[in-house]
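Reader: I'm new to this structure and would love a close look at one part of its interior. Could you pick a spot and walk me through what surrounds it?

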Amino acid sequence: MTDAPSSAGDSRFPAGRLAFPHRDLLGIAQLERHEILYLLDQAEQWVELNRQSTKHVGLLGGLTIINAFFENSTRTLLSFEIAGKRLGADVVNMHAAQSSVKKGETLIDTAITLNAMRADAIVIRHGSSGATRLIADKVDCPVLNAGDGSHEHPTQGLLDALALREALKKRGHTSEDFTGLTVTICGDILHSRVARSNILCLQAMGAQVRACAPPALMPVGIDAMGVEAFHDFDAALGGTDVAMMLRLQSERMSGQFIPSAREYHHLYGLTKKRLDCAAPDALVMHPGPMNRGVEIDSEVADMIDRSIITQQVEMGVAIRMASLDILTRGARGVEGWAA
Ligand code: CP
């Protein structure tokens, strides 16, 4: 594969609609169902390339992508870097801890600085909800949200959907979406941008979503998102097709939200025994990083036939390749894409 296919006439898009009408990828909330499916379809093609020994194409040759990370990351930063490099772009990483942010430079001045370097896409992770929107409003190139506070982590929602779709396909499912599927998301829902992006993405694809957390870690008004809320983990797992586990985000907690990690594991940790409450062969997911022995036992995380945690990481590279490709098509003058 040397060229990404043009979306012109793509069957995913209603007639007369722009192929992908967004300059930025800031949240799943901005996407319609057909746009999510289009991103997943495009990413699927990059999965093939990523499994070959030579994983490089020149599609984004000459473009500069800046990954500006104001929070720690392993998976997201590395997969955006790998994605950009595999597509042939020049990729530069800015770690806030080693930047002039430490000398008091504001987020807006940092954004203006990156823009002046004529980046062709900027990937941002920031601890404040809405920071990526703020930056997008100040720059002239596409901005991709790599996680903003407790708000959204759109490429995580997309990669989780792709990993789930691939796993279901391997089991003989033929549907392109998740109609009829129940997914239980359990953990620190209150602080989780991953939960929010996943709820929106899974629902857009037709899944029923349950959210399970201790009362202190469940957002007020979660029902308004159309999820079924639980505090009893066994009940939340009852007959579910997928258990998606989240870690406790202690870096976002001010004060004591749980009595102890030991007690949390007792009530909300996914053990082999507890997984028996779910549907037979239910899949296990976790966005990482995992705290083994707290929200998930190793025995479950490493189950070869049930856990798709490493597949989630693999799909992350493909989703980020698809996102960078699609969002830079206007600048690259691809037919059918507005600059
Ligand atoms: N899932 C996720 O965002 O992981 P990182 O924090 O390692 O990027």
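**A close look at Leu270**

Author: Happy to! Let's start with Leu270 in this predicted model. Setting aside its neighbours within four places in sequence, Leu270 is in contact with Phe233, Leu237, Ala243, Met245, Leu275, Val284, Glu295, Ile296, Asp297 and Val300. Leu270 also belongs to a wider group: the largest nonpolar core, which has 98 residues. Together with Leu164, Ile185 and Leu324, Leu270 is among the residues with the most contacts inside this core. The biggest contribution comes from helix α11, residues 309–327, which gives ten residues. Where does the core sit? Residues come to it from both domain 1 (16–153 + 314–327) and domain 2 (155–312), so the core lies between the two. Elsewhere there is a second, separate core of 18 residues, and Ile66, Ala119, Ala131 and Val139 are included in it. As a general background, nonpolar side chains in soluble globular proteins tend to be buried together.

Now let's step back to the whole chain. Eleven helices and nine strands are found in it, and buried residues account for 55% of its 339 residues. Of the contacts between residues at least 6 apart in sequence, 74% join residues at least 24 apart. The C-alpha trace spans about 55 × 50 × 40 Å along its principal axes. A compact globule of 339 residues would have a radius of gyration near 20 Å, and the chain's value of 20 Å agrees with that. On the outside, the chain exposes about 14,400 Å², with carbon and sulfur atoms supplying 50% of that area.

Note on methods. Residues numbered from 1 in each chain as written. Predicted model: local features only at pLDDT ≥ 70, side-chain atom pairs only at ≥ 80, totals over all residues. Heavy atoms only, no water. Core = buried A, V, L, I, M, F, W, Y, C linked by side-chain atoms within 4.5 Å. Buried < 20%, exposed > 50% of the residue type's maximum accessible area, 1.4 Å probe, protein only. Helix = DSSP H or I, 4+ residues; strand = E, 2+ residues; numbered from the N terminus. Domains from an automatic or database assignment. Contact = heavy atoms within 4.5 Å. Rg over C-alpha atoms; globule rule 2.2 N^0.38 Å. Areas by Shrake-Rupley, 256 points an atom, 1.4 Å probe, with all protein chains shown as cover.
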